[in-house]
Structure formats: structure tokens, C-alpha cells
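These are my notebook entries on a structure I went through by chain, by element and by single residue. The model comes first, then what I looked up in it.

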Amino acid sequence: MELLRPDSAEAAAAALGNGSVALAGGTELVPLLRDGIVRAEKLVELRDVVPRGVDGTRIGAGTTLAELEVDPDIPQALREACSLAASPQLRSMSTLGGNLLQATRCWYWRLNFPCYLHGGDTCHAKAGQHREHAIFGNERCASAHPSDPAAALLALGARLRTTSREFSLVDLYRLPTDEERNVTALEPGEVILELDVPRPEASVYLKAMERRKWSFAIVGVAAARFADSIRLGLAGVAPIPWALSSVADLEQATPLLGTAYKVQIARALVRRAVEAVSAPAGA
Amino acid sequence: MVVELTINGNAYELEAPVGRTLAEVLRLDLGLTGTKIACGEGHCGACTVQLDGVPVLSCITLVHTVGDREVTTIEGLREHPLVEAFVEADATQCGFCTPGQIVTASALLAANASPSDDEIRHAMAGNLCRCGTYPKIERAIHTVAGDGGGS
């Protein structure tokens, strides 16, 4: 394996593909390389070429979650999502851009079962152990997307700027299909550079976990209020970060036998999150 | 590929393949075995070292990405008052997680000389202790913070 240190984001993008894989914080990639789930001939180091830091509503994709969890200038939902994600060491290493591109925690996928996401025709979780899995979008694959910041950024209506285009975060993700198993829509040789995160009037991130620290979301709920509308983004409930257009959407959930409890948790967290961001009566 | 490192104030230069982790270099190439590898996949915190004072997981840090950041390991913290405080508080049982605990705790105290219980728990959440010595670890940190054992 070789390591490339490009001197610009454009050079990094040009070096990707054909066995070359982007390396930012490494918290996801390094274990996946070791487990043989990702294979790379070359690693392309992004640390010195992707923007880092917060400037107004713009956040560099190279900013670490540790930097964001203490930043008073970003929306509360994103700050809380970063603070509740992973462990302190992982937050110090991991970048926001990399967090958005992380893979599922599904143990079948991580153990390299020939599952639907890996290109096979079966979701082993559906017939097997799936208590941490999806309640939405789980027809083909029942994995759950673990990103807390992605849920917050969905509720906040974030947009991405990459080396080749600008688009809404919601369009970064797609459910896996027979034709395309990858759940992110980045093109080969495309690097996320920056996010534009609108300022809401109020926002919050609530996360149900098996313990109070250092745990992936059973269900994470972000709510953000802009004028009179409240947007919701959920973590841990679908193969991709999941936007709800209304509270009533929760009734469309398609839980598995072992994930029905998540619907109840989602209902409770959505109710609390909406209450938390709603304008006080008479205001 | 050649890598140059500054570890506990000492300069090192060695040859290492690109996939080699900082933890492997510390333990296997340099004999700095105070840093432990337990889970080996970034979950447990036993391998914690500081890069420019920030605790990171050396078992998932590729050594060639360290760059010019200064590495501090438990060997560089021999004289730190936390070492004695952990002994006094009986904050080790099997002791395997202790180097990582002290590396993380020393960074916490450098940033916050008098952390609250909640601040300690937030900062230390990435260092797991299978023996369950958490209350004693908290007490040891409070002792060094000089607030006599916490709230």
C-alpha cells in the first residue's frame, strides 16, 4: 500500500479511484482496511487539503467532531449530535465529512457476510439478529445508518460543496437498489469540501442509547425550526439518515420483529424534540 | 517508507510500511510497551496516546499520518502526579487500561484544572475499564485537581 499526500483538494480528487481510497480521520477506514472490507492500493491523505473550521454558516468538512461539539456558533442540534457521538478520542480524530460517509454498524456487513449491501441477494439481519436495525426503508437491507451529525444536518437542511458540485445533504444518500448497493451518491473522485448549514430559530438533538456515553444511536432525533416549520432528521432507523416530513410519517414505519421497540422510542423522542424547538405560546 | 517521529521529546526515524499503526510502531519497533493494544479497533481506549496534547487512539492511527505532531505516551508521563494518585486511590485492578486512562486524564487536567464529575465522565468516556474501577479513577483525577475528591 502507498500513501499519497496531494497538495490540493483537486489533486486529491484526481488521485482517487482505481484502487485509491481517501483517508481523512481514519477512524472508519483503518479498521475496515484491516478487516479486508475495504481494499486499497493507495491511500490519499486529505488532512492538509480539505477545509477545516467554522466560518459563518460554512463548516469545513475536515473539522473534527471534537471541534464542533464546543463551537458556540453552530446550531445546537449539530453541537449536541457531535457531543453525543462516539468517544472523545474518536471525536478528536474523526472529521465531519468522514462521519457523513461512514458505513453501517450492521454486524453481518462488518463480518463480511455476502449480504445485500455487499452485493449479495439476502439481508442476513432480517432473518437473524437485528435489534439495532432499521424501521424505515428496510425492504432490501435492514441496516441502520449510525451518523448522529447526519441526522442533525438533515433537519438543518445542510448543503454540501464538493470538488465538483453543490447539492443538498438529502441527495448524498440513497437506499440500496439491485443496481447500486452503495448508499452514498458521491461520484468517483469527488471529495466533500464544505457544508453550508442554515441557522434555525431553534434546534435540538436527542439520542436514545444503551448507555449514556460512547454508544451508537438506538434512535437519534434532530429537530430544527425555521419560521413556522419544523424539520426532523433521524439516525439509527434506516440504511440512510432519515428525514421525516411530518410527525405522522412515523406511522409509516415498517419495523422488523426485533425493531418494533424503536418505533415507540422514535415517537417519544420526536414528541420531545418538537416540544423543545417549538416557539413558546404567544411568542 | 521512512517516518520521523517525536515521542516524549525524543526524535526517532524508522522504516515502516504504510498500513502500520502508531501503536504497532510504539510497541514493536520502539519497545515503548506502556501503550497497550486491547481491542485493536478503536473502541476501548487502552492504546490512547496524545498528539500535540490531544488524546487519540494509536491502534487506528496510521503512523505515516502523525506528521509533525508530537507524540506523548505513558512513558512520557512517569512523573505526572496522576500516576501516584491512581496508586493511592487504588484505581487499577488488572491495570491493563491504566496507561490509556492516565494519558487521557492528563490531557483533561491540562485543559481543565478543576473538572466537575460530569466533565470527567465526558472526557474519560472513551477509556473502558473492564474491572470497573471508574469511581476510583474519578477520585484519582479529583485528587490531582486539588479539590479533595469531588462533589
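In which loop of chain A is Ala158(A) found? I located Ala158(A) in the loop between H9 and strand E6 (159-162) of chain A. Throughout these entries I keep in mind that this is a predicted model.

**Entry: Ala158(A)**

I looked up the accessibility of Ala158(A) and found 1%, and because buried means under 20% relative accessible area, this residue counts as buried. Leaving out residues up to four places away in sequence, I listed as its neighbours Leu153(A), Ser168(A), Leu169(A), Leu195(A), Asp196(A), Val197(A) and Pro198(A). I also checked a pair distant in sequence: Ala158(A) and Arg58(A) are 100 residues apart along the chain, while their C-alpha atoms are 9.6 Å apart in space.

**Entry: helix H9 of chain A**

I then went back to the helix before that loop, H9(A), which spans residues 148-156 and is mostly covered, with nine of its nine residues buried. The buried residues include Asp148(A) as well as Pro149(A), Leu153(A) and Leu156(A). At the N-terminal end I found a cap by Ser147(A), from which a side-chain oxygen lies 2.9 Å from the backbone nitrogen of Ala150(A). After the helix comes Gly157(A), and I noted that its phi is positive, near 70°.

How do helix H4 of chain A and H9(A) pack, in angle and in distance between axes? I read an angle of about 170° for H4 (residues 76-84) against H9(A), with the axes 8 Å apart. Since angles over 145 degrees count as roughly antiparallel, H4(A) is roughly antiparallel to H9(A). From H4(A) the contact takes Ala77(A), Leu78(A), Ala81(A), Cys82(A) and Leu84(A), and from H9(A) it takes Asp148(A), Pro149(A), Ala152(A), Leu153(A) and Leu156(A). Sorting the residues of this contact by type, I get nine nonpolar, no polar and one charged.

**Entry: Asn112(A)**

I next looked at Asn112(A), which is not a glycine and yet has a positive phi of about 65°. Asn112(A) sits in the loop between helix H7 (107-110) and helix H8 (124-127) of chain A. Is Asn112(A) buried or partly exposed? With a relative accessible area of 36%, Asn112(A) is partly exposed. I found that Asn112(A) touches Asp35(A), Gly36(A), Ile37(A) and His118(A), again not counting residues up to four places away in sequence. For a long-range pair I took Leu257(A), 145 residues from Asn112(A) along the chain, and the C-alpha separation is 24 Å.

**Entry: domains of chain A**

Chain A is divided into domain 1 (1-49) and domain 2 (50-277). I noted 23 Å between the C-alpha centres of these domains of chain A, and a contact in which 15 residues of domain 1 meet 17 residues of domain 2.

**Entry: domains of chain B**

For chain B the division is into domain 1 (2-73) and domain 2 (79-145). Here I noted 21 Å between the domain centres, taken over C-alpha atoms, with 15 residues from domain 1 of chain B and ten residues from domain 2 of chain B in the contact.

**Entry: helix H1 of chain B**

Which residues of helix H1 (residues 22-29) of chain B are buried? I listed Leu22(B), Ala23(B), Val25(B) and Leu26(B). These buried residues of H1(B) pack against four named strands of chain B: E1 (2-7), E2 (10-15), E3 (48-51) and E5 (71-72). H1(B) is followed by Gly31(B), for which I read a positive phi, near 70°.

**Entry: two loop residues of chain B**

I looked up Asp90(B) in the loop between helix H2 (81-88) and helix H3 (98-111) of chain B, where this residue has a positive phi of about 55° although it is not a glycine. At 42% relative accessibility, I record Asp90(B) as partly exposed.

Asn127(B) lies in the loop between helix H4 (117-124) and helix H5 (134-145) of chain B, and with a relative accessible area of 2% I record Asn127(B) as buried. Which side chain does a polar contact of 2.8 Å join to that of Asn127(B)? The partner is Thr104(B). Not counting residues up to four places away in sequence, Asn127(B) touches Gln89(A) from chain A, and among its neighbours in chain B are Cys44(B), Gly45(B), Thr48(B) and Tyr134(B).

Note on methods:
Residues numbered from 1 in each chain as written. Chains lettered and ligands numbered in written order. Predicted model: local features only at pLDDT ≥ 70, side-chain atom pairs only at ≥ 80, totals over all residues. Heavy atoms only, no water. Buried < 20%, exposed > 50% of the residue type's maximum accessible area, 1.4 Å probe, protein only. Polar contact = N/O pair within 3.5 Å; in protein donor to acceptor, adjacent residues only side chain to side chain. Axes fitted to C-alpha atoms, helices over the stretch in contact; angles between N-to-C directions. Parallel < 35°, antiparallel > 145°, perpendicular 65-115°, else oblique. Contact = heavy atoms within 4.5 Å. Nonpolar A, V, L, I, M, F, W, Y, C, P; charged D, E, K, R; others polar. Domains from an automatic or database assignment.
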